[in-house]
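Visitor: Could you pick one spot, look at it closely, and then work outwards from there to the rest of the model? I'd like the cut-offs along the way.

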Amino acid sequence: MHPAIYNALWLEPVIPFASSFVLLVAGRKMGRRAAAWLGSCSILASFLIALAIAVAWDGAPFTQTVWHWIAVGSFQVDMGLYLDALSVVMTLAVSFVSFLIHVYSTEHMRESEGYERFFAYMNLFVASMLTLTLANNLLLLLLGWEGVGLCSYLLIGFWYGDEANGLAGRKAFIVTRTGDTAFILGLFLLFNQLGTLDIQPLLQRAAAHWHVGAAAAEVAAFLLLGGAVGKSAQLPLQTWLPDAMAGPTPTSALIHAATMVTAGVYLIARMHGLYELAPAALFAVALIGFATLLLAGCSALTQHDIKRILAYSTVSQIGYMFLALGVGAWSAAIFHLVTHAFFKALLFLASGVVIHALNDEHDIFRMGGLRHKLPLAFWCFVLAGCSLAGLPLITAGFYSKGLIIWQAYSSPLGTTWLWIGALTGAFLTALYIFRLIFVVFYGSEKLAPQHFPGPAVQWPMVVLAFLSMVAGFIDLPVALGGGEHLSRFLAPALPLVAQARPTALGEIGSEVIAAIVFFVGVYLIYLFQLQRPSLTETLMAGGFTQGLHRYWYSDWGMDWLYDRALVRPTIAVARADQHDVVDLFFAGIGALCGGLYRGLRLTQNGQVRRYAAWIAAGAILLLVVGLW
Amino acid sequence: MTHMGLLLAAVLFVLGLAGLLARRNLLMILVSIEIMLNAAGLAFIAAGAAWNQPDGQVMFLFILTVAAAEVAVGLALVLQLHHQTKSVDADRANRMRG
């Protein structure tokens, strides 16, 4: 018998959805204050339900069918919610971070137009995200998936008065849709082969019907991976995320850092049974994560827009999660997903304070010396930055990233070069985030802050800063005297990593090297940015480094490549075919009718005698023909 | 004898048609139509005489009544037209030009 509170599961997505509907319809009438209260409280209600369910959690999966959605022959899809350890963790993290960011937004967005609209979209987003995480079948998951995509589009282009924002939104939508197409094809294939879209029966049937490495399993896994790559901004579809920073900062924090972009990670973790049957696809996941974390780390090092640095950092960190998934360390990926949600959301919220304080200044090189004027933002940046880069022992990021680095090395699917790549990524992380901190908060003051955060902005940041520190202890490794609580909690849904392969270094050794990498990175960037800035100038004087800087700054030229290879040819073809070739035939019929009409119209001249003459001529013609 | 009658009918018909096409005055057009109708009637009588049948004369009586009705309607239309355009010129009544 399940706890009674489980029956309230359906309210989790429904409350934000209803609130979003009310805000969309009557937001303007109820006024800003009421809209902010409604928007935040609906998320709080969702969080409280998630919390109550987590407290009452008895370990047995629970399915709630709200209603039968589609029933056509053998194609049966329910509006069904599925609760297991994975969705408990996901809903808790999503609703909690969402709530904090909503509270932050009540103050941060105060001077913006469309305040009520903002909360309506944000609530719709949370509703879609919770649908995505709770769905018990892939079609409902896809509904949530597209719902968050829609909200992402709406919120990137939230300030639609500026054309660039609209274009960024369109780009995000089209690029992620490229991946979604693969996702939908994967759904078709799975239904065609296995006859169901309900995730748990589907995974059971897949295991029963397909052997490891079966072609159908590989193709389906690759197609789902396409969707995950688009949504999670991984190579080669990562180009939309940096541009998505055109949206309001709370949007970047919630959608483009903490929750939506990790949906791809969630999808692969949810479908892990399928990926276990598809080693090639799983290896591709690891490879994509590996390449993305390095490439995005290098790009982050060269950016000078504060939000773009954080965006590339997000891409890079999701690369870590993909790497963890690729080596079969499912719970490590979810662990990093949760800690990343805390510290990356905090980084964005703090950057929002800085940007707002300096009247929408985004360029870090026009900032400086802000640590005394904006102490809270400074300390949040330091704590979250340490967590992101992995300050040993006391930060959450150290444990989650350290676990991924270790698993990339020691899991049966891990290799030494994946491990080295992950460590290099950690080194890059320390470099780019402390470069940002040193440039923005140290040195001489260039712009004086004009706006200072109030309590509604400060409190969520304090809570997130606290979590960025302590969230790591939920999965403290056994080697460091912990209990691996999260991994054990997730174990019924996500199997633990199989017996580790023999490695030269132990887990402690790997953690120590990660710690050394962190300190070396921080010291190097300290040396280059603060102690001896002349070193940076010497380094940047060379033609090679300048070229490399430009290349990395342009995201390895991917945008340029896509522009030349895809966007421009498409536009050129569309231009050339503006007057549709196929249309010529139909336009020809129209022209023929028009010509006939103009000819016949001449005969209708209103002259009665002329008509009589034609009648006479016709009669004579008939007579002649008749008598011949 | 029959041939002469039909010939006369044909001449009358062509005269009527020529009048119809050539005259612009609506009254003269009506007169031309009357001539054509009577030419047709004459042709019926000539044909009836040729075959010793009464049908030709019966048809002529029909044509006579139809012609009377036609003239009544036609003259009423001409009056209406004159009312609106202050003229009985057929070419002026070309407002239906396409």
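Guide: Let's start at B:Lys86, which sits in the segment after helix H3 (55–85) of chain B; helices here are DSSP runs of H or I with at least four residues, strands are runs of E with at least two, and both are numbered from the N terminus. This is a predicted model, where local features need pLDDT of at least 70, side-chain atom pairs count only at pLDDT 80 or more, and totals for chains, interfaces and linings use all residues. Residues are numbered from 1 along each chain as its sequence is written, while chains are lettered from A and ligands numbered from 1 in the order in which they are written.

What's odd about B:Lys86 is its backbone: phi is near 55°, a positive value in a residue that isn't glycine. B:Lys86 has 9 C-beta neighbours inside 10 Å, so it counts as exposed. The scale, with C-beta atoms placed from the backbone, is this: exposed is 12 or fewer other C-beta atoms within 10 Å, buried is 20 or more, and partly exposed is anything in between.

Chain A has a similar case in A:Asp360, another non-glycine, with a positive phi of about 60°. A:Asp360 is in the loop between H14 and helix H15 (375–389) of chain A, and it counts as exposed because it has 7 C-beta neighbours inside 10 Å. While we're on backbone quirks, the peptide bond from A:Leu235 to A:Pro236 is cis, with omega near 0°. A:Pro236 falls in the loop between helix H7 (215–231) and helix H8 (240–243) of chain A.

How far can you trust all this? By pLDDT, the predictor's per-residue confidence from 0 to 100, chain B averages 89, with 97% of its residues scoring at least 70. Chain A has a mean of 88, and 100% of its residues reach 70 or more. Among the elements of chain A, helix H21 (residues 533–541) has the lowest mean, 78, and helix H10 (residues 263–270) the highest, 92. For the complex, the predictor gives an ipTM of 0.86 and a pTM of 0.80.

As for how the two chains meet, 11 residues of chain B are in contact with 10 residues of chain A, a contact being two C-beta atoms, placed from the backbone, within 7 Å. The chain B side splits into 6 nonpolar, 2 polar and 3 charged residues. In that scheme Ala, Val, Leu, Ile, Met, Phe, Trp, Tyr, Cys and Pro are nonpolar, Asp, Glu, Lys and Arg are charged, and the others, Gly among them, are polar.

Now for chain A as a whole. It has 25 helices and 2 strands, and its C-alpha atoms fill a box of roughly 120 × 60 × 55 Å along the principal axes. Of its 628 residues, 51% are buried. Among its contacts with a separation of 6 or more, 80% link residues 24 or more positions apart. Helix H10 of chain A is largely enclosed by the rest of the structure, because 8 of its 8 residues are buried; A:Tyr266 and A:Arg270 are among them.

The helix just before A:Asp360's loop, H14 (residues 330–357) of chain A, is worth some time too. Its axis and that of helix H18 (residues 455–470) of chain A come within 9 Å and cross at roughly 145°, with axes fitted to C-alpha atoms over the stretch in contact and angles running from 0 to 180 degrees between N-to-C directions. By class, this contact has 13 nonpolar, 1 polar and no charged residues. A:Phe342 and A:Leu349 are among the H14(A) residues involved, and A:Met461 and A:Ser468 among those from H18(A).

The largest nonpolar core has 209 residues, and A:Leu323, A:Ala345, A:Leu346 and A:Val354 touch the most other members. H14(A) supplies the largest share of this core, 20 residues. A core here is a set of buried Ala, Val, Leu, Ile, Met, Phe, Trp, Tyr and Cys residues joined through C-beta atoms within 7 Å. Beyond four places in sequence, A:Val354 is in contact with A:Ile306, A:Met367, A:Leu370, A:Leu374, A:Ala377 and A:Val440. Back in the chain where we started, B:Leu17, B:Leu20, B:Leu26 and B:Ile29 are included in a second, separate core of 6 residues.
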